[in-house]
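Hi everyone, thanks for coming. Today I'd like to walk you through one structure, piece by piece, so please have a look at it while I talk.

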Amino acid sequence: MSLHLISLLAATMAMVTGSALAQQLDSAAVEISEVDVGVVKRQNIANEVRIAGSLTPIRRSTLTSRVSATVIDLPVKIGDVVKKGDLLVRFDTEALASAVAARRAEIDALDAQIALADAVLERSTTLGERGASSEATRLEAKANLLKLKAQLRIKQAEVADAERSLAYASMHAEFDGVVASRSVEEGQTVPLNTELMTIVDLTRMEVDAGVPTSRIPLVRPRQPVVLNVEGFAGRTFTGEVVRISPTAVAGSRSVRVFLAIENTEGLLRGGMFTTGILKVDEQSDVIALPVAAIRHDEDGSFVLRVESGVLHRVSVDLGLTWSDRNLVAVQGLGEGEMVVTSPLPDIVAGTRVVIEGH
């Protein structure tokens, strides 16, 4: 047999032997479905608490009458925008001014009586020193003077009250806002403490939302929230948690959570219904894996990384867990690496694997 023929036969036998060996090795590899592995990548992630509630202006002022009088000027209506200091209500001041004048006249009369009583006391004291008047007379004159001075203090307080009532005859806006309600009309005579109108500041709104008691441990002040407001399809509004009720609502399994929303554009109105998502434990640019991807042995926590068709044990440090998403933050892996994400108890480090579809 020629040397060339022998070489050709040897090469052919080597190819056949290699192909058979490769088939044998491939048959020994474990096939893993694509759904059982995942590529490590960084992501922004958070637990989510769904909420719902109605909008309410945070700042509001209900004006009530501080005098009993007739309304003579009511320049604002529901929906009017008002500035701080604008006149809202003016009452008839005739009776109020008369009350002030009457109290002051009473003070003038008392001043005259006090001057007379002071002179009587001085004369009684002088006569007593000369023995021409008794000590009882002097004491009586002194008591009368003290009584008149006490009456003067009472009248002075009444004058202050009357002047205060006169000042209350004009009511002005305490802040920039919008008239939300008005319950009186011009010409109407109202008693003391009658509700007149309500002014609200729409630049900052609040949502009173109920959060299930099972979820409330996740909620913290200043956590961000994204809200959808009825009537604004396709648009979201952002806010944050400002207060959390210390007790659950009676007869329910929810806790009141208050959210503040900036409304500088003035688009939102009180009473609008909102739904949204409260993002809890939010992390940015973090590597997180399904909890099922994490394995444990006597050396600690690890994952199985797929590298060149073989599983390798890679130790990892665990961080924050997002129970809603069934994810846990890990350290020790690089972005782009492929790891086993399902429990698959029958495979271990060193196992040769074939990924379905690869």
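Let's begin with strand β6 and strand β7, residues 170-172: they pair in the antiparallel sense, and three bridges link them. If you want to find one of those spots on your screen, look for Val 89, whose bridge partner in β7 is Met 171. Please keep in mind that this is a predicted model.

Now, what joins strand β4 to β6? Two bridges do, and these strands also run antiparallel. Here you can look for Asp 73, which has Arg 90 as its bridge partner in β6. β4 itself covers residues 69-73.

Let's put those pieces together. They belong to an open sheet of four strands, in the order β7-β6-β4-β9, with antiparallel pairing. Which strands stand at the edges? They are β7 and β9, the latter being residues 189-190. Each has a single partner strand, so one side of each is left without a neighbour in the sheet.

And how many residues of β6 are buried? Four of the five are, so to speak, tucked away: the strand, residues 87-91, is mostly covered.

Next, some side chains. The structure holds one aromatic pair. Its members are Phe 232 and Phe 237, arranged edge-to-face, with 5.5 Å from centre to centre and 80° between the planes. Is Phe 237 buried or exposed? Its relative accessibility is 8%, and because buried means under 20%, Phe 237 counts as buried.

Rings can also have a charged residue over the face, and I have two examples to show you. Arg 66 lies over the face of Tyr 168, at 4.7 Å from the ring centre. Arg 243 lies over the face of Phe 258, with 4.3 Å to the ring centre.

Finally, let's zoom out to the whole chain. There are three helices and 21 strands. Along the principal axes, the C-alpha trace spans about 170 × 55 × 40 Å. A compact globule of 358 residues would have a radius of gyration near 21 Å, whereas this chain has 43 Å.

How much of the chain is buried? Of its 358 residues, 33% count as buried. The exposed area is about 21000 Å², and carbon and sulfur atoms supply 53% of it. One last number, on contacts between residues at least 6 apart in sequence: 75% of them join residues at least 24 apart.

That's my tour, and I'm happy to take your questions.

Notes: Residues are numbered from 1 along each chain as its sequence is written. This is a predicted model: local features need pLDDT of at least 70, side-chain atom pairs count only at pLDDT 80 or more; totals for chains, interfaces and linings use all residues. Side-chain values use heavy atoms; hydrogens and water are left out. Buried means under 20% relative accessible area, exposed over 50%, partly exposed in between (1.4 Å probe, protein chains only). Two strands pair if DSSP finds at least two bridges between them. Rings of Phe, Tyr and Trp (its six-membered ring) pair if their centres lie within 6.5 Å; planes under 30 degrees apart count as stacked, over 60 as edge-to-face and the rest as tilted. A charge sits over a ring if NZ of Lys or CZ of Arg is within 6 Å of the ring centre and within 35 degrees of the ring normal. The radius of gyration is taken over C-alpha atoms; the globule rule is 2.2 Å times the number of residues to the power 0.38. Contact means heavy atoms within 4.5 Å. Accessible areas come from the Shrake-Rupley method with a 1.4 Å probe; for residues, only the protein chains shown count as cover.
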